[in-house]
Amino acid sequence: MKKWLIFFFTIITIQLVFLFIPGKNIFLPSPLDVFSAFIFQLRQGGVLLDIVMSLKRVTIGFVLAAISAVPLAILCGYSRRLSDFIKPFIELLRPIPPIAWIPIAILLFGLGDKSSYFIVFLGAFFPIFTNAYFGAVSLPVVYKNVAKSFEISNVIFITKILFYFSLPYIFTGLKIGIGMAWMSLIAAELIGAQSGLGYFIQLNRLLLRIDNVVLGMVLIGVIGFILTRLLTVLEKFSMPWLPKGK
Amino acid sequence: MLKLNNITYSYNQNSANPDLLLQNFNLEILDGEFLSLVGPSGCGKTTLVNIIAGYLKPFGGSIIIDQTVVISPGKDRIVINQESDLFGWMTVLENMEIVSQDEVLIEQCLRLTHLSDFINYYPRQLSGGMKKRLSLARALAANPKFIIMDEPFGSLDNQIKEKLHEEVLKIVKQSKKTILLVTHDIEEALFLSDRILLLSGKPVIIKKEIKIPFNYPRDASLKDSAEFIRLRSSMRQAINHG
């Protein structure tokens, strides 16, 4: 509650600066201008469609990244041989920013949604993989020994021990991944899309509607924040064995 | 019977002058007995446990269980560690079910360790003593021939430890399992064991063998008896003065 009060106090302070200090609001819109733009856009409905399009792209790309990165990372954590084979490719591709893939994505998938899914996938895949892999290789020797002594099968070991031990690391990766996915998507939409919040910002930049540009930025921040909070709720729900507050 | 035959081990066995931790080490554990290995920290007790459990391969020698040479870990020898080896993300019941599908046996083991009312608890919700009892219950659920305890009570405070000693003793005598306890706590070994081997040196040698004359059941008052005190001081002397 306290942090929200501080947040609203900051917004009100910025608004007061715009009201009482003349000349400060020549180029940048005040919080009230952005809010008015938001109400206008809501009435028109245009920005809602852009939000839906962006969310659809980020969801599909992110889910594809999660369902491929997590099992691959767990298997790499389990099998040294697989890890030795996969890791060099991961290390080679990981430093390339998703935005650098945009031309390749357009060549491979055209200007449609598929390119966006691909860019989002690349943005989310590496942080999810890296964190899940780190979790899997951190499994204490004592658990491996217990599994050997009790003759626990490989499938049970991977699905019930390695996966669950790595789950807190996986969620850390997912939370970083969703932020990266969102950032990659906006970059992709700025260049190669006809809808979405990135496109909304780009269009309004050309129309010199800076209030809408800032509105687009604020919406990106708010939606990113909501997505991370949703993952935090899912994390708490998925790991009831952790003490509350962790 | 579990027999160690000329076990030799070194952590740097590939070097020209390997620093031998175990050299032609021999040991016999009889069926149904409670044997304790007592020695100072760092004398190689845990290495010995890891070799018996099959986690480490000896440089030379063999481990024989009932005339069969064993080379890898298995359900016939279960280790209970000092550090918690329970799966923290599983409830008490799930920790049991992952090692055994025998529901009747699981129920028996939980009842024996007084954990039947806590099956839906996670390990973090249990006390230190209850966690140890769960480790023991899980070991019993695998129906092993040998249970190897590597300083299992080391992390507990004295009050809990004393109570747990009595409980563990009752449980293992009821279950008729063969127990190998590794500890540096003389009193603990005296209270629990049928036989104690004092270890020392590098490479490890058996310095002294002590047969414990106390009958079962035992309770904490045994520790105040003259014979217990005499044995304790003789063991202390043997450890300190060779």
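How much area do chain A and chain B bury between them, and what share of it is on carbon and sulfur atoms? The two chains bury about 1,800 Å² between them, 69% of it on carbon and sulfur atoms. The model is predicted, and every stop below refers to that model.

**Stop 1: the interface**

Show both chains and select the residues of chain A in contact with chain B. The selection should hold 18 residues of chain A, facing 22 residues of chain B. Now pick out Ser149(A), Phe150(A) and Trp241(A) in that set. These three supply 37% of the area that chain A buries against chain B, more than any other three residues.

**Stop 2: chain A as a whole**

Hide chain B and colour chain A by secondary structure. Ten helices and zero strands should appear. Read along the sequence, the pattern is therefore α-α-α-α-α-α-α-α-α-α. The C-alpha trace of chain A spans about 75 × 50 × 30 Å along its principal axes. Of the 246 residues in chain A, 41% are buried. For a contact map of chain A, consider the contacts between residues at least 6 apart in sequence: 74% of them join residues at least 24 apart.

**Stop 3: the sheet of chain B**

Bring back chain B and hide chain A. Select the open sheet of six strands, whose order is β6-β7-β8-β3-β9-β10 with mixed pairing. At its edges are β6 (77–80) and β10 of chain B, each of which pairs on one side only. From one strand to the next the twist averages 20°.

**Stop 4: strand β3**

Within the sheet, select β3 (34–38) of chain B. Is this strand enclosed or open to the outside? Five of the five residues of β3(B) are buried, so the strand is largely enclosed by the rest of the structure. Show the side chains to see both faces covered: Phe34(B), Ser36(B) and Val38(B) are buried on one side, Leu35(B) and Leu37(B) on the other.

Next, add the two strands that pair with β3(B). Strand β8 (residues 178–183) of chain B pairs with β3(B) in the parallel sense over five bridges. Here Leu35(B) stands opposite Leu180(B) in β8(B). The pairing of β3(B) with β9(B) is also parallel, over four bridges, and Leu37(B) has Leu197(B) in β9(B) as its bridge partner.

**Stop 5: strands β9 and β10**

Select β9 (195–200) and β10 (205–211) of chain B. Their pairing is antiparallel, over six bridges. To check one of the pairs, label Ser200(B) and its bridge partner in β10(B), Ile205(B).

**Stop 6: helix α7**

Finish with residues 226–241 of chain B, which form helix α7. This helix has 16 residues and reaches 22 Å from its first C-alpha to its last, close to the 22 Å expected at 1.5 Å a residue. Which residues of α7(B) are buried? They are Phe228(B), Leu231(B), Arg232(B), Met235(B) and Ala238(B). Turn the view to look down the axis of α7(B): the buried residues fall within an arc of 130°, so they line one face of the helix. On the other side, Ala226(B), Gln237(B), Asn240(B) and His241(B) are exposed.

Finally, show what the buried residues of α7(B) pack against: β3, α6 (186–192), β9 and β10 of chain B. This selection returns to β3(B), β9(B) and β10(B), three strands of the open sheet.

Note on methods: Residues numbered from 1 in each chain as written. Chains lettered and ligands numbered in written order. Predicted model: local features only at pLDDT ≥ 70, side-chain atom pairs only at ≥ 80, totals over all residues. Heavy atoms only, no water. Expected span 1.5 Å × (residues − 1). Buried < 20%, exposed > 50% of the residue type's maximum accessible area, 1.4 Å probe, protein only. Arc of directions from axis to C-beta. Contact = heavy atoms within 4.5 Å. Pairing = 2+ DSSP bridges. Axes fitted to C-alpha atoms, helices over the stretch in contact; angles between N-to-C directions. Buried area = accessible area lost by both parts, 1.4 Å probe.
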